[in-house]
Amino acid sequence: MSIDWAAFGVDLHLEFDPASGRRAGLERALREAIRAGRLAPQTRLPSTRSLALELDLARGTVSAAYDQLIAEGYLSARTGSGTVVAHLAQRRAHAVPPAPEVSAPRCDLRPGSPDVSTFPTAAWLRATRRALAVAPTSAYDYGDPRGRVELRTALADYLGRARGVRAVPDQIVITSGYVQALALLAGVLDGAVLAMEDPGLSFHRDVVRHARAGVVALPVDERGARTDLLSTSGFTAARAVVVTPAHQYPTGVTLHPQRRHAATEWARAGGGLIIEDDYDGEFRYDRQPVGALQGMAPDHVAYVGSAAKTLGPALRLAWMVLPERLVEPVIHAKRHTDLHTEVIGQLALADLIVSHAYDRHIRACRLRYRHRRDLLVDRLGRRFVPRGVAAGLHAMVSLPATGPGEQQILARAAAHGLALGDLGRHWHTPGDHPPGLIVGYGTPTEGGYPAALDTLTRVLRSGPTG
């Protein structure tokens with residue numbers, strides 16, 4: 001249907017489709033004409049009676065369309081002046097540069113992700129159906145910022161038997177990933193200084209600083225984080241320490257028993273807090289996984305676990321087991337951050353844990369990743385031996401002091417379509433640090449892993465000029 005505005009003294013042809021409703025179609029056509037500038041400000045519109053006759057519409061339909069556009073600010077009505085087009089704030093035209101095209105690497109050995117193709121889709125669907133079939137109506141409303149009690153109860157049992165965590169449901173808070181958990185903890189510490197492992201993930205340091213907390217570097221050696229230094233003068237200001245005891249990221253070492261005791265003694269003596277990042281603690285290949293540090297000092301450790309490495313980062317589900325004194329402050333902070341974490345995934349994960357499908361999935365993944373790590377070690381040979389224990393989804397490979405450095409190898413790898421992680425960006429400050437690569441053997445699909453290893457070995461063993 002068209003409107004010939006020349007009949008009303010305006011040189012404009014307006015098309016609108018009444019299929020979606022006569023009033024809605026008229027509203028949409030007028031709105032677009034005003035936005036595009038084809039109906040200029042102060043243009044007087046026909047009376048509702050005249051336009052209704054022209055379009056063969058009910059006058060009430062035209063009046064309703066005018067009223068809606070007046071309410072939205074597109075039209076203005078004044079007694080004695082009729083209905084006119086309102087002045088709209090003109091948006092300044094900004095040239096938006098096109099987003100750079102980022103091509104995915106042909107072979108991806110970057111750390112940080114599991115093989116997401118192994119996500120247990122069928123088991124997750126069954127768990128979701130079962131959970132929703134028995135979920136109370138209240139589950140679909142706004143929820144407890146701590147998270148669903150079903151998941152907190154399931155986690156209290158699972159973490160106790162699988163990770164040695166001492167937990168009750170009331171001390172567990174569900175978050176949208178590890179990053180939110182770290183930000184909440186840094187925030188409730190109210191500007192405190194946190195000791196963080198060096199080397200460690202730089203993004204996590206950024207998260208802490210964004211929460212207006214300070215960061216001090218805690219060195220890492222072959223025995224893990226130097227928690228024995230926490231009681232020295234260099235760490236007087238530190239009120240908390242963030243550690244990865246089961247499998248240090250990125251070096252791959254496990255926190256030595258003496259260092260575990262040093263950390264807990266420091267916390268008990270000065271009321272400090274240990275933030276335990278147990279990001280891949282279920283994946284140990286040469287022995288039973290080392291139990292969580294939290295079990296030694298539950299009143300002084302905030303334990304953080306996540307489904308990101310066991311199931312996949314897309315779920316955005318993580319959990320904190322908190323000392324009693326931190327439960328209410330963290331709940332208060334979370335309530336003002338996102339109110340509560342999404343519920344459907346929580347219910348499904350709770351069912352997955354209770355039905356032991358979660359355990360079965362982890363056992364299958366453990367076998368798969370163990371094979372991948374063994375294959376990596378075998379292919380690298382004696383010159384490039386991964387550092388650390390046989391665990392997790394990544395390995396740190398030290399580079400010879402003489403020969404191509406990190407950036408040269410990364411450039412060479414990129415030329416072959418291979419993506420790797422480098423050790424250099426993990427240090428707190430630039431300097432003369434030992435060179436190394438971070439190889440994420442969990443990321444590729446099962447079918448793509450052999451080709452990725454072929455490319456890696458070819459890159460590492462090629463000459464200085466590649």
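In this predicted model, isoleucine 344 counts as partly exposed, because its relative accessibility is 34% and that class lies between the 20% limit for buried and the 50% limit for exposed residues. Isoleucine 344 belongs to helix α10, which spans residues 344-354. On the surface, Ile344 joins Leu132 and Tyr140 in a nonpolar patch. Together the three residues offer about 260 Å² of accessible area.

The interior was examined next. The largest nonpolar core holds 57 residues. Seven of its members touch the most other members: Trp319, Leu349, Leu352, Tyr358, Leu376, Leu420 and Leu456. Helix α11 (residues 357-380) gives the most to this core, contributing seven residues. Another core lies apart from it and contains 26 residues. Val207, Val208, Leu322 and Ile331 are among them.

Tyrosine 358 has contacts with several residues beyond four places away in sequence. Its partners include Trp319, Leu349 and Leu352, which also appear in the list of core members with the most contacts. Tyr158, Glu282, Ser306, Thr310, Leu311 and Ile353 are touched by tyrosine 358 as well.

The strands were considered separately. Eight strands form an open sheet with mixed pairing. Their order is β6-β13-β12-β11-β10-β7-β8-β9. The edges are taken by β6 (172-175) and β9 (224-225). Each edge strand has a single partner, so one of its sides is left without a neighbour in the sheet. Strand β10 (residues 238-243) pairs with strand β11 (residues 273-277) in the parallel sense. Four bridges connect the two. Valine 243 stands opposite glutamate 276 of β11.

Conventions:
Residues are numbered from 1 along each chain as its sequence is written. This is a predicted model: local features need pLDDT of at least 70, side-chain atom pairs count only at pLDDT 80 or more; totals for chains, interfaces and linings use all residues. Side-chain values use heavy atoms; hydrogens and water are left out. A nonpolar core is a set of buried Ala, Val, Leu, Ile, Met, Phe, Trp, Tyr and Cys residues joined through side-chain atoms within 4.5 Å. Buried means under 20% relative accessible area, exposed over 50%, partly exposed in between (1.4 Å probe, protein chains only). Contact means heavy atoms within 4.5 Å. Patches are made of residues with over 30% relative accessible area and no salt bridge: like charges are joined within 9 Å, nonpolar side chains (Val, Leu, Ile, Met, Phe, Trp, Tyr) within 5 Å. Accessible areas come from the Shrake-Rupley method with a 1.4 Å probe; for residues, only the protein chains shown count as cover. A salt bridge is a side-chain nitrogen of Lys or Arg within 4 Å of a carboxyl oxygen of Asp or Glu. Two strands pair if DSSP finds at least two bridges between them.
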